[in-house]
Amino acid sequence: MKSKLFVIGKPIRHSQSPIIHNFWIEKYSLNANYDKLEIETKEIQNLIRDLRKDKIRGFNVTIPYKRIMIDFVDELEESSLKSKAVNTVYKVKDKIIGANTDGIGFISSLQKDLNFHFDSNTNVMCIGAGGAAYGIVSSLINFNPKIIKIINRTESSGVKLIEHFKKFTGSKKTFEANHMGYKPDYHIDLLINCTSCGMNGKNPLDVDLSSMKKKSMVYDLVYKPTMTPLMKVAREEKLNYTNGFYMLARQAAESFYRWFGVMPKDSHIKEVIRILKKND
Ligand code: NAP
């Protein structure tokens, strides 16, 4: 019988995850099927029970359940401990494990798809302080950038994020929080839009890109539309830019590996990105 996998959330109809996972399931001739499942909080326990009994193989978690999923699993990977979120649930022996593959997916997309590499002089500006920002900063801190600046509409949430991560980095890491519209007096090498601004082309992010050098990267986590409003501004400024498809595919590959023990080949990851772009 086919093993079942899901992405759970509410709403869930927008999810691209079934396209990605079913593509790889077919490529690697696995006897499985991945589907969307819109559920209420009270139904999560049933899903965990099904995983315990091997009735399902595992699942992804999206808005609004990434944070509360922490309470449903037996163990957390370090990625989830640091980011306070779970986007992947899988079973090893009799333990249900929660992981957050967003951060590693983001870093791996930068390195493998976008040829962006960190060093101790890299200045990063992250706009947003919600779930995605926590996932990304949890991985960013492993690469020791010089500055991680957090800009958020609600400045106090940015400060809270920084306080959380200082527990892991100590005081040596230069974290700074500021309000939207803040313009740094130093250059930014990597600017990441971790807000939902620009989604469906609406509510574009109001950001000044003039402090970025021509080789800098503007990374928009939004991927609908494929060419987001922020990417258009970056193009005008002649900067490097991307939407969130690379991260989406790379974080999915990390989930896939946890369920099947198979890491999709780079060529199959790139193939899936081409399909996502075509479907837009
Ligand atoms: P979230 O937890 O709801 O956080 C939303 C963030 O956006 C908060 O920082 C919020 O600021 C900010 N924001 C919302 N509306 C705003 C506005 N009008 N002006 C300024 N800031 C605004 O959501 P999330 O899970 O972090 O997701 C954020 C985005 O990342 C979404 O578009 C999501 O689809 C995308 N994402 C992409 C991937 C990928 O693989 N490409 C993975 C994860 C997420 P306040 O604190 O002030 O409310």
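## Contacts with the ligand

A backbone N or O atom of Leu 248 lies 3.4 Å from an oxygen atom of the ligand. The structure in which this contact occurs is a predicted model. Two further contacts involve side chains rather than the backbone. In Asn 152, a side-chain N or O atom is 2.7 Å from an oxygen atom of the ligand. In Asn 203, a side-chain N or O atom is 2.9 Å from a nitrogen atom of the ligand. The three distances, 3.4 Å for Leu 248, 2.7 Å for Asn 152 and 2.9 Å for Asn 203, may each be counted as a polar contact because such a contact is a pair of N or O atoms within 3.5 Å.

On its own, the ligand has 920 Å² of accessible area, and the protein covers 78% of it.

## The pocket and its shell

The ligand occupies the largest pocket. Two elements give two or more residues to the shell around it, namely α5 (131-140) and α8 (245-260).

The ligand has 23 residues around it, and those that come nearest are Ala 132, Asn 152, Arg 153, Thr 154 and Asn 203. Asn 152 and Asn 203 thus appear both in this nearest group and in the side-chain contacts, at 2.7 Å and 2.9 Å respectively. When the shell is divided by class, twelve residues are nonpolar, nine are polar and two are charged.

## The chain as a whole

The chain contains nine helices and twelve strands. Along the principal axes, its C-alpha atoms fill a box of roughly 60 × 40 × 30 Å.

How does the radius of gyration of the chain agree with what a compact globule would have? For 280 residues, a compact globule would have a radius near 19 Å; the chain has 19 Å, so the two agree.

## Backbone features in the loops

Two cis peptide bonds can be described, each leading into a proline. One joins Lys 10 and Pro 11, with omega about 0°; Pro 11 belongs to the loop between β1 (3-9) and α1 (17-27). Another runs from Ile 63 to Pro 64, with omega near 10°. Pro 64 is placed in the loop between β3 (58-61) and β4 (75-76).

Ser 29 shows another backbone feature: its phi is near 50°, a positive value in a residue other than glycine. This serine, Ser 29, is found in the loop that lies between α1 and β2 (32-38).

Methods. Residues numbered from 1 in each chain as written. Predicted model: local features only at pLDDT ≥ 70, side-chain atom pairs only at ≥ 80, totals over all residues. Heavy atoms only, no water. Near = heavy atom within 4 Å. Polar contact = N/O pair within 3.5 Å; in protein donor to acceptor, adjacent residues only side chain to side chain. Areas by Shrake-Rupley, 256 points an atom, 1.4 Å probe, with all protein chains shown as cover. 1 Å grid on protein atoms, 1.4 Å probe; cavity = no way out; pocket = protein on both sides within 12 Å on 5 of 7 lines; lining within 4 Å. Sits in = over half its atoms within 2 Å of the grid points. Helix = DSSP H or I, 4+ residues; strand = E, 2+ residues; numbered from the N terminus. Nonpolar A, V, L, I, M, F, W, Y, C, P; charged D, E, K, R; others polar. Rg over C-alpha atoms; globule rule 2.2 N^0.38 Å.
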